[in-house]
Amino acid sequence: MLKIIIPCHGDKSPNLQNLISSIDSQEFNSKVECFFLEDIMSPEYKIDIEKACASSSNKHFIKNESKERLYAINNITRFLNSISGEDIIGFIDCDDFLWGKDCFSKIFSFYEAGYQAVWTANQMTGTGINFSGPLNHDQDVYSHPWVSSHFKTFLLSDYKNVPISNFKNDSGEWFTACYDQVFMLPIIHQILQRNQKCKYIDHIHYIYHGKLNVDPKSKYRIAQLETEQIIRSRGYIDS
């Protein structure tokens, strides 16, 4: 089973219907479940997602009972710690959507072939830029250029083996940005330590709705850069 996690926050996403349609149109979507994780979000956005989940047997809305902003990493780990099994886990941002109907079928085929993590090429809207690429399996992933961006997937069992300290800063607080690298770097590290393989699908299967020129002084961008610097400089934490 492929379980897709979609962290949701803020105002209504302009691409919510595109996201849902892109999932529903996939081959092998009967082997997929989607989990929309609530963070602080507008009432209108929450209602739209609840309606989408109520009308579908494979979509679920996971409420944030704390009523406080959790941020993606804390929210995702809470959910992943609550499930078990041999599932494949995938992430989609709430503003983005998949491209092409054969994304899931390719993902499944490469896991069946023995790969331990799989990601695809992507495209930022209006730019043609792809943030992903192939991995050099002979290089330490923490010094490797970032290549495992959207659409990224991994095995739940590999997540379960990562000490929780890898998702927190040196003060023991949850990181609040850069969740893609925070999750993927320690998971890929484990895979490389076992001399197993990751797969990059060199085909655009993900449309990324973002800004190319983010204000370098914005709170989000500062947190993103600081988080990346911390996790890459300290490397994998064993305990």
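I took two strands as paired where DSSP finds at least two bridges between them. The model is predicted, and my entries below concern its sheet, its helices and one loop residue.

**Entry 1. The β6 and β8 pair**

I began with strands β6 and β8, which run parallel and are joined by 7 bridges. Looking for the partner of Met-124, I found Tyr-208 in β8. I then turned to β5, which pairs with β8 over 2 bridges in the antiparallel sense. Here I noted Phe-97, whose bridge partner in β8 is Ile-207.

**Entry 2. The whole sheet**

I next asked in what order the strands of the sheet lie. The open sheet has 8 strands in the order β3-β2-β1-β4-β7-β6-β8-β5, and its pairing is mixed. I recorded β3 (59-62) and β5 (97-98) as the edge strands, since each pairs on one side only. Elsewhere in the sheet I examined strand β1 (residues 2-10) and strand β2 (residues 32-41), a parallel pair held by 8 bridges. Within that pair, Ile-6 has Phe-36 of β2 as its bridge partner. I then looked for what α6 touches: this helix packs on the sheet and meets β1, β4 (88-91), β6 (117-124), β7 (152-155) and β8 (198-208). The direction of α6 makes about 45° with that of β7.

**Entry 3. Helix α3 against helix α6**

I looked up how helix α3 (residues 72-81) lies against helix α6 (residues 179-193), and found that their axes come within 9 Å and cross at roughly 45°. That angle makes α3 oblique to α6. I noted the crossing of α3 past α6 as right-handed. For the contact itself, I listed Ala-72, Ile-73, Ile-76, Thr-77 and Leu-80 on the α3 side, with Tyr-179, Val-182 and Phe-183 on the α6 side. By class, I entered 7 nonpolar residues, 1 polar residue and no charged residues for this contact.

**Entry 4. Helix α6 against helix α7**

I then asked at what angle the axes of α6 and helix α7 (residues 219-234) cross. They cross at roughly 10° and come within 10 Å. An angle under 35 degrees counts as roughly parallel, and α6 and α7 are therefore roughly parallel to each other. In this contact, Gln-181, Val-182 and Leu-185 of α6 meet Thr-227, Glu-228, Ile-231 and Arg-232 of α7. I classed the residues of the α6 contact with α7 as 3 nonpolar, 2 polar and 2 charged. I also noted that Val-182 appears in the contact of α6 with α3 and in that of α6 with α7.

**Entry 5. Helix α4 and what follows**

I searched helix α4 (residues 103-112) for buried residues and recorded Cys-103, Phe-104, Ser-105, Ile-107, Phe-108 and Tyr-111. After α4 I came to Gly-114, which has a positive phi, near 105°.

**Entry 6. Asn-58**

I located Asn-58 in the loop between α2 (43-54) and β3. Is Asn-58 buried or exposed? I entered Asn-58 as buried because its relative accessibility is 16%, and the cut-off for buried is under 20%. Leaving aside neighbours within four places in sequence, I found Asn-58 in contact with Asn-29, Val-32, Glu-33 and Cys-34. I also looked up Met-41, which lies 17 residues from Asn-58 along the chain; the C-alpha atoms of these two residues are separated by 22 Å.

Terms used. Residues numbered from 1 in each chain as written. Predicted model: local features only at pLDDT ≥ 70, side-chain atom pairs only at ≥ 80, totals over all residues. Heavy atoms only, no water. Axes fitted to C-alpha atoms, helices over the stretch in contact; angles between N-to-C directions. Helix = DSSP H or I, 4+ residues; strand = E, 2+ residues; numbered from the N terminus. Parallel < 35°, antiparallel > 145°, perpendicular 65-115°, else oblique. Left-handed = near helix turned anticlockwise from the far one by under 90°. Contact = heavy atoms within 4.5 Å. Nonpolar A, V, L, I, M, F, W, Y, C, P; charged D, E, K, R; others polar. Buried < 20%, exposed > 50% of the residue type's maximum accessible area, 1.4 Å probe, protein only.
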